[in-house]
Amino acid sequence: MTISLHPSTLPAVLSPVLTPFTKDGSPDAKKLLKQCQWLESNGVGQAIFGTNSEANSMSDEQKMHLLTSLVEGGLNPAHMMPGTGATSIDATVHMTRHAVQHQCAGVLMLPPFYYKDITDDGLFAYFSEVIQKVGDSKLQIYIYNIPPVTKINLSLSLLERLAKEYPKTVVGMKDSSGDWAYTESVIKLLAPSGFRVYAGSEIFLMRTLRAGGVGCISATANVNPRAISELAAHWRESDADQRQKSLDQVRSIFAQYQMIAGMKTAVAHYSKDAEWLNVRPPLMQISADQQAKLLKELEAMNFSMQGL
């Protein structure tokens with residue numbers, strides 16, 4: 001049985017929220033607030049400034065300004081887990097401190113991803129220095145493991161060392177490795193002490209919950225939030241496996257395309273707001289033919305984004 005030593009206000013499902021951009025590439029704070037409120041109304045928390053938020057295509061100042069705007073706009077920081085990881089310790093500290101000051105329930109922290117072949121000692125030193133420089137007991141870090149992007153593998157021994165050294169601060173992780181055996185091994189090792197493991201895709205939602213994890217932080221929670229959050233809430237019920245299959249079907253449609261551009265296509269269509277199509281270089285929007293094909297496939301399965 002999993003015993004939580006670190007009570008959390010975060011939901012079981014969070015979305016790395018898509019960031020709306022104007023034609024000149026500036027983030028649109030008002031439109032982002034509206035999107036976050038829609039996710040919240042569908043039972044999904046907001047992991048703003050994640051991979052699918054195009055976070056690394058924005059400046060630190062832009063992200064901090066957006067976070068302030070969201071909180072001032074009435075979004076509940078107890079359901080927010082902004083991404084604050086950067087290659088620079090100082091940048092990570094700056095954004096992390098800002099998130100803690102805004103009473104966010106946690107931060108999602110990438111490892112420093114520029115240098116390769118770095119040691120566990122080097123990674124431990126990075127996270128340790130960030131924690132010490134932020135210097136706030138309210139800080140709750142979720143380590144972001146995404147080796148397909150960072151090319152850094154976070155070892156079990158490193159995670160265990162961080163969790164033991166900082167048990168009230170390093171409280172969980174998002175695992176986007178896509179390697180279920182690894183995810184399961186983290187849960188088995190650390191969940192009994194209260195470490196909260198989120199899968200990086202709803203494809204692994206049922207397996208994660210059954211193994212003792214807490215949920216998922218998933219790209220397609222941007223477009224299919226209600227169905228994912230309802231499975232997380234009812235995963236012990238008899239129809240749970242069928243619900244999981246339905247989620248997988250939606251995911252498989254978007255997975256055929258560049259994920260961010262494809263999801264923005266859906267949001268633009270269902271919100272009737274073409275500005276949602278904008279992405280930041282080096283990303284490009286999918287072609288008109290691909291957009292039409294994606295929307296046709298969604299229509300064929302009676303997909304909708306009610307209330308958007």
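A charge sits over a ring if NZ of Lys or CZ of Arg is within 6 Å of the ring centre and within 35 degrees of the ring normal. Keep that rule at hand for the first exercise.

This is a predicted model, in which local features need pLDDT of at least 70, side-chain atom pairs count only at pLDDT 80 or more, and totals for chains, interfaces and linings use all residues. Residues are numbered from 1 along each chain as its sequence is written, and side-chain values use heavy atoms, with hydrogens and water left out.

**Exercise 1. Charges over rings**

Task: Find the ring under the charged end of Arg-280, and the ring under Arg-161.

Solution:
- Step 1. Go to Arg-280: its charged end sits over the ring of Phe-21, 5.8 Å from the centre.
- Step 2. Now turn to Arg-161, which lies over the face of Phe-124 at 3.9 Å from the ring centre.

**Exercise 2. The sheet and strand β4**

Task: Place β4 in the sheet, then work out which way its side chains point.

Solution:
- Step 1. Start with the terms. Helices (H or I, at least four residues) and strands (E, at least two) are DSSP runs, numbered from the N terminus. Two strands pair if DSSP finds at least two bridges between them.
- Step 2. Lay out the sheet: it is open, has 7 strands with parallel pairing, and runs in the order β2-β1-β7-β6-β5-β4-β3. Its edge strands are β2 (45-46) and β3, each pairing on one side only.
- Step 3. Look at the neighbours of β4. Strand β3 (residues 107-109) pairs with β4 in the parallel sense over 3 bridges. The chain gets from β3 to β4 through helix α4 (residues 120-134), and this β-α-β crossover is right-handed (with the strands pointing away from the viewer, the path from the first strand over the helix to the second runs clockwise).
- Step 4. Match residues across the strands: Val-107 stands opposite Ile-141 in β4, and Met-109 stands opposite Ile-143.
- Step 5. Cross to strand β5 (residues 170-175), which pairs with β4 in the parallel sense over 5 bridges. There, Lys-174 is the bridge partner of Tyr-144.
- Step 6. Check burial (buried means under 20% relative accessible area, exposed over 50%, partly exposed in between, with a 1.4 Å probe and protein chains only). In β4 (residues 141-145), 5 of 5 residues are buried. Ile-141, Ile-143 and Asn-145 point one way, while Tyr-142 and Tyr-144 point the other way.

**Exercise 3. An aromatic cluster**

Task: Classify the ring pair of Phe-254 and Phe-303.

Solution:
- Step 1. Recall the rule: rings of Phe, Tyr and Trp (its six-membered ring) pair if their centres lie within 6.5 Å; planes under 30 degrees apart count as stacked, over 60 as edge-to-face and the rest as tilted. By this rule the count comes to 7 aromatic pairs.
- Step 2. Apply it: the ring centres of Phe-254 and Phe-303 are 6.4 Å apart and their planes are at 70 degrees, so this pair is edge-to-face.
- Step 3. Trace the chain. Phe-254 is in helix α10 (residues 240-254) and Phe-303 in the segment after α12 (288-300), so the pair links distant parts of the chain, 49 residues apart.
- Step 4. Add the surroundings: both residues, Phe-254 and Phe-303, are buried, and ring pairs join them with Tyr-270 into a cluster.**Exercise 4. Backbone details**

Task: Compare the settings of Glu-54 and Lys-272, then look at the bond from Pro-281 to Pro-282.

Solution:
- Step 1. Glu-54 lies in the loop between β2 and α2. Its phi is near 60 degrees, a positive value in a residue other than glycine.
- Step 2. With a relative accessible area of 3%, Glu-54 is buried.
- Step 3. Lys-272, in the loop between α11 and α12, has a positive phi of about 55 degrees although it is not a glycine.
- Step 4. At 76% relative accessibility, Lys-272 counts as exposed.
- Step 5. Pro-282 is found in the loop between α11 and α12, and the peptide bond from Pro-281 to Pro-282 is cis, with omega near 15 degrees.

**Exercise 5. A residue in α2**

Task: Decide whether Leu-66 is buried or exposed, and find its distance from Ile-48.

Solution:
- Step 1. Leu-66 is found in helix α2.
- Step 2. Leu-66 has 1% relative accessibility and therefore counts as buried.
- Step 3. From Leu-66 to Ile-48 there are 18 residues in sequence and 9.4 Å in space, C-alpha to C-alpha.
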